[in-house]
Amino acid sequence: MVQLYNLHPFGSQRVVPCKQEPAHFCCGRDVLFVASTAASCRVEVFAVRDQGRCDPLGSFATLGPVLRMAHSQAGDYLVTIEEKSKATFLRAYMNWRCMSAGSSRVCVRMVGHKMEESYSETLKEQMSIVEMPLSDPPLCISCCPVNGDLLVGCKNKLVMFCLKYLVIKQNLTVLDFERSLILHIDNFIPAEVAFCARHIAITTELDVLILKLELVQQSADRTDQRAHTVSTLEKPADGGVKDEGPSTHTLQLELDEFIICQKPVELLGEESKLCEIPITLESTELPTEDTKRFQVRYLLFRRFTPDQSPFGFCEETKLHSVQLLPVYRTGSSVTAHEETENKRELLNLFCFFSLPHVGYLYSVGKLVELISTYQYSEKSEQAVLTPQFLHVITSGNLQCFTVRCSAAAARDEDPYIDTTVKACPPVALDVCTLRMQLFIGPRAICHFKNHIILLTKADTEDITERRKPTRRMLSRKADSIKSRTNSESEPGWNLYIINTVSTIQLYREMVDYSRTYENVKTESCIHLLSEAHLLVRAAIMDPSFLKSDEKEELLRAFRESCAALGDCYSRFDTKDYHLALPYYRMSGLSMTEVLKRLVSEGDEIQTYERGFIFYLTHSLNEDLNEELSKESANKVLQILYLADPVQLPHILCSPSMTNVCPLTAVKYLQKVEKMMPSVVLTLTKAFMALKMEDLMMYEHEMDSYKEVLCSNSENTIPQLLMDFWEALLVVCSQEEIVQELLLRVTSQYVWRISKKQLPETKPLKTTEDLINSCNHFGLIFPWVTSIMSAGSPSDKDYCEDISKLQSLLCSQSINIASALPVLEPLTEAGNVGLTIRVLCNTRLGKYEEAIDQLLKRCPDAAVLYAQHELKDDNRAVWWNKLLPELCKRTRLTGNDCPVLISSLKETLSVVAMELELKDFLSLLPEDGTAAFFLPHLLHCSQRKLLI
């Protein structure tokens, strides 16, 4: 569902002062290229200034009318498909900026033509036109925004040209292309192509195919290399998934009385191989040691039928506007005019394509999935996707939709999203229409930074209507609209440059708009605030963010949006109330500041929703290093007594509640005790009595349940007492008492695990709770988790005690030497015992013993252990112990133990990066297989050469 709001993403608009009617246009860096209609055969170039002002830079002639054009930011070149004498030509215009300085020199050369030293100096001051002859007429083109490579679509094939930087001599670099790869696709005529980071999206009238060119590891055998050069995918066997309709050849035949149409198909990921479109790769570049070998991976295939749209006739249903949009890792930025291969780290890739009445946005990076579907109110002509918006033109509108690219990319970038630590609006959140702006006759659109270039052309009957006095189209910025006075221009068309408002301005408007829904429509309020949050998040993920003038303001807006979403999930009764916790955490607000936002002053009783209570209890159960004031702590006590009285004993043990009035706390605890008496509550009252220095009350409370605590056997400790000890570990700061408590809980964990004894009641705190709230419980190491994943099913019954014990040993608090006698009963207890022994040896610095134990019992965890533990001063254990042991054990087992071989390869890779070639060579066994060790030797030697 698409929600409609009436916001103002568009600001001022200006008219581009073109001399002739535009046929095609595109943007690049800071310029706009406009190819005029067939009569003049010229391309005008305009510099785009602040607020969308366009200044003419000049123009240059083309061979004939331009049929397609595109600009590449990498290399700063313009590529066109031109027509002359009923033939089409592919040309690239290099160094075109020199003509804006007044130079009229032009050099025309063939692709791959060798530069002559005799005229190389003139290359700096002249425009170069590179002719790229093809055996078949070019139909469509696309430039890779990452590295500037060029993809050309022809009938039954795609041709890839790699951008080359040729250094003629010092201070003179010339751009050229090399035809490197041809993808042969039988019975496939591309209408549009998109190319980015070796991903290719191709559309015909009704089919979409998305591919990825993957590098193939080169083989030492030349015949193997040639085999990779031409690779044809076989058609699926009879048992595979096939469409039951007629063959592709038959379906393309238009009969006299009707058209045969195939059924709609959507194949994602590995299933897309079943599309029955075989592709053959032909490498055309000169073979060298650095020659790249590719194979094709199918990512998506989708086929539509002409009658899918209920709005139009069959012949009107055609795909358009296929695009690939890269999203980069936050802070991965380069200079705007870097001429080398782009160093930005690609995070995710998105593909958009559209039918006349519906558009589709897919993620095609790590996972191929449909993200959003866009329903248009009327037939669309063209669309352009940006990281923040989708702009669509129809017969009478410029429409602006929100997108979910930043929501998907954020999850790829940060694994903590969708946990209690961080949150982000869901990818499946309904998209919305921010604006439907009236225009007469929109024909074409493109996007450039914060500008939209829009070509409008009115029909004859519309021109007379335009001469009548009418309301300005963009009333908010009406003063900035300029009329074209050029006498040469023909009536009926205009080329506009429309400024989109700043992210901050639109964010503020969305937040203000959301307030109208606060007390009426809860979901609409959250939806709009989520849109505002994603808008700001997309701006922060932009590579130019680090150099943006709005950087601090955007970060402040991001924190504000998190706080506003936290307020919504705290105040409203929603199923996603738990999101209040991560959003407040991301806002940077302290607990005191959150209380001021949500809790009214005075003693009046308020009603608090689940989200606020969830935030309070989780925040108080974690070690936030924030002490609430006495007033705030007492207020929290009152809130939780009314909302969740069971939590009172636990939150009173929180370090944040240190300043609570103990007398007030005891009064509330006594009220709860009348309803729900418990040992934990009694222990908490005793704790409060100590704070009040009331020893009589303390002794009374501790004696109350003396029989319960001592009724079991000598070795059995009630779980409630364990809960008390664990709670004391959170707040206790005296080292002697801490060590005593650690030994007590360790002893009980060991006794339960060894005796297979479950606690009589459910523990109050899980391992995760203790890790989050207590410094004496550490994160469990990855190699420990790896060992336990191969453990026996019976261990799962006692996993909580096992993980708590392992967490204790993973911290630096417990004295291992003192704990060894306590741990003795577990040393032979399967995988649990192995982790205990290795953890103890590691804490005692006995790394070699630990490696021996792992290689004997769980060799697949040895390298993971080494990567985690063998660092800095202990790094030499890699080659002094682990490598020789792996070589010895692999020699004994041969190929029967692939785990050892895999571990040996990983170890060799690490050691090759650390040692000199001579030292590395001395470690290798004399009877080793040369082919096995040679890649690592080469890696070691190449690293030395690079250094």
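The structure, a predicted model, holds zero disulfides. Two of its cysteines show how varied the surroundings of this residue type can be. C275 has a relative accessible area of 7% and is buried, because the limit for that label is under 20%. C799, at 42% relative accessibility, counts as partly exposed.

A wider view of the chain helps to place these details. The protein chain contains 29 helices and 32 strands. It has 947 residues, of which 50% count as buried. Among the contacts with a separation of 6 or more, 63% are made by residues 24 or more positions apart.

The buried interior comes next. In soluble globular proteins, nonpolar side chains tend to be buried together. The largest nonpolar core here comprises 70 residues, and the members that touch the most others are W878 and F920. Once the neighbours within four places in sequence are set aside, F920 is found in contact with L908, V911, A912, L915, H936, L937 and C940. There is also a second, separate core, made of 51 residues, and C162, A197, V358 and V364 are among them.

Helix α25 gives a clear lesson in how a helix can have a buried side. This helix spans residues 862-869, and its buried residues are A862, V863, Y865, A866 and E869. These residues lie on the same side of α25, because the arc they cover around the axis is only 155°. Which helices help to cover the buried residues of α25? The cover includes α20 (782-789), α23 (830-843) and α24 (847-857), together with α26 (877-893) and α27 (898-914).

Strands deserve a look of their own. In general, the strands of a sheet pair through backbone hydrogen bonds, and the pairing can be parallel or antiparallel. One open sheet in the model is built from five strands in the order β12-β13-β14-β15-β20, with antiparallel pairing. At its edges stand β12 (140-143) and β20 (279-283); each has a single partner strand, so one side of each is left without a neighbour in the sheet. From one strand to the next, the twist averages 25°. The partner of β20 is β15, which covers residues 172-185; the two run antiparallel and are joined by five bridges. Within this pair of strands, I182 stands opposite E282 in β20.

Two single residues bring the description down to a finer scale. The first to consider is G441, placed in the loop between β29 (432-438) and β30 (442-448). Is this loop residue buried or exposed, given its 12% relative accessibility? G441 counts as buried, because the label applies under 20% relative accessible area. Apart from neighbours within four places in sequence, G441 is in contact with S395, L455, T456 and K457. G441 and L455 are 14 residues apart along the chain, and their C-alpha atoms are separated by 8.4 Å.

The other residue, T500, belongs to strand β32, which runs over residues 493-500. With 12% relative accessibility, T500 counts as buried. Leaving aside the neighbours within four places in sequence, the contacts of T500 include P9, F10 and G11. Its remaining contacts are H391, N450, H451 and I452.

Terms used. Residues are numbered from 1 along each chain as its sequence is written. This is a predicted model: local features need pLDDT of at least 70, side-chain atom pairs count only at pLDDT 80 or more; totals for chains, interfaces and linings use all residues. Side-chain values use heavy atoms; hydrogens and water are left out. Buried means under 20% relative accessible area, exposed over 50%, partly exposed in between (1.4 Å probe, protein chains only). Helices (H or I, at least four residues) and strands (E, at least two) are DSSP runs, numbered from the N terminus. The arc is that of the directions from the helix axis to the C-beta atoms. Contact means heavy atoms within 4.5 Å. A nonpolar core is a set of buried Ala, Val, Leu, Ile, Met, Phe, Trp, Tyr and Cys residues joined through side-chain atoms within 4.5 Å. Two strands pair if DSSP finds at least two bridges between them. Axes are lines fitted to C-alpha atoms, for helices over the stretch in contact, and angles run from 0 to 180 degrees between N-to-C directions. A disulfide is a pair of cysteine sulfur atoms within 2.5 Å.
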